[in-house]
Amino acid sequence: MSAPATVGWREEDLHAWHILRPLLDRGGYLPWSTGSMRPAGLVAVCNEIVHGARTRIVECGSGVSTVVLARLLREREAGRLLALEHDGHWAALVNEQLRRETLDGIARVLDAPLEGEPPWYAPAALIELPDELDLLLVDGPPAYDAGHQARRAPALPRLQERLVAGAAVVLDDIARPGERAILAGWEASTDWRFALDERAGAAIGRRRHEARATTLIRDPT
């Protein structure tokens with residue numbers, strides 16, 4: 001399978017594409033688009049699942065990443081993923097892809113219209129989310145249009161009480177000013193701290209005391 005010509009990809013994405021090949025080659029065609037998570041960012045999430053043994057995952061937004069992560073969870077024989085999706089038609093398409101690959105027992109996309117200001121997923125859809133999460137991936141709602149840059153800001157405030165000890169939060173698209181502002185707001189108003197992975201275009205966050213403990217373990221000096 002050759003890599004699709006997608007706007008915004010970099011050299012590290014071509015390398016990541018080869019890393020992802022075992023997961024990409026195990027199912028049918030995936031509709032990559034400019035809104036899809038970059039391969040380098042997707043590898044960062046897969047690494048978090050493997051190294052952190054993540055099994056209770058919620059994704060804001062859905063698409064290629066949902067299917068690839070479901071394939072990884074099936075390979076590991078552990079874990080479930082629920083994705084929130086504002087576009088009902090797209091949610092149905094992704095759910096159909098999951099069904100065709102017999103992944104619907106592992107992952108599911110919830111039809112979650114946007115409400116409020118900034119627009120975020122309807123509270124009625126959140127009822128179906130598990131009470132305890134160990135990984136939150138924030139790659140939606142779409143936030144690239146002018147005036148919509150803050151759309152992803154509610155994710156951590158709305159779901160942080162469900163995040164268990166040792167959990168992680170991944171925010172995609174950190175090259176954009178809107179996501180940088182969201183990270184600054186989260187760090188100013190919560191006890192979460194984020195490490196920026198510029199090459200992957202994503203930030204990975206942990207609670208402040210847990211982030212310090214991880215740093216001390218990795219750096220004995």
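Reader: Are Trp-186 and Phe-194 buried or exposed?

Author: This is a predicted model, so treat what follows as computed from it. To count as buried, a residue has to have under 20% relative accessible area. Trp-186 meets that, and for Phe-194 the answer is also buried.

Reader: What kind of aromatic pair do the rings of Trp-186 and Phe-194 make?

Author: The whole structure holds two aromatic pairs. In the one made by Trp-186 and Phe-194, the ring centres are 5.6 Å apart and the planes sit at 35 degrees. Planes under 30 degrees apart would be stacked and over 60 edge-to-face, so the Trp-186 and Phe-194 pair is tilted.

Reader: And what about Trp-120 and Tyr-121, which kind of pair is that?

Author: Both Trp-120 and Tyr-121 are buried. Their centres are 5.1 Å from each other, with 65 degrees between the planes. The cut-off for edge-to-face is over 60 degrees, so Trp-120 and Tyr-121 pair edge-to-face.

Reader: On to charges: how far apart in sequence are the parts tied together by Glu-101 and Arg-71?

Author: The side chains of Glu-101 and Arg-71 form a salt bridge at 2.7 Å, N to O, and both residues are buried. Arg-71 belongs to helix H3 (residues 64-76), while Glu-101 is in the loop between helix H4 (88-100) and strand E3 (107-111). The parts this pair ties together are therefore separated in sequence by 30 residues.

Reader: Is Arg-21, the partner of Asp-25 in a salt bridge, buried or partly exposed?

Author: Arg-21 and Asp-25 meet at 3.1 Å, N to O. Buried would need under 20%, and Arg-21 has 24% relative accessibility, so Arg-21 is partly exposed.

Technical notes: Residues numbered from 1 in each chain as written. Predicted model: local features only at pLDDT ≥ 70, side-chain atom pairs only at ≥ 80, totals over all residues. Heavy atoms only, no water. Phe/Tyr/Trp six-rings, centres within 6.5 Å; stacked < 30°, edge-to-face > 60°. Buried < 20%, exposed > 50% of the residue type's maximum accessible area, 1.4 Å probe, protein only. Salt bridge = Lys/Arg side-chain N within 4 Å of Asp/Glu carboxyl O. Helix = DSSP H or I, 4+ residues; strand = E, 2+ residues; numbered from the N terminus.
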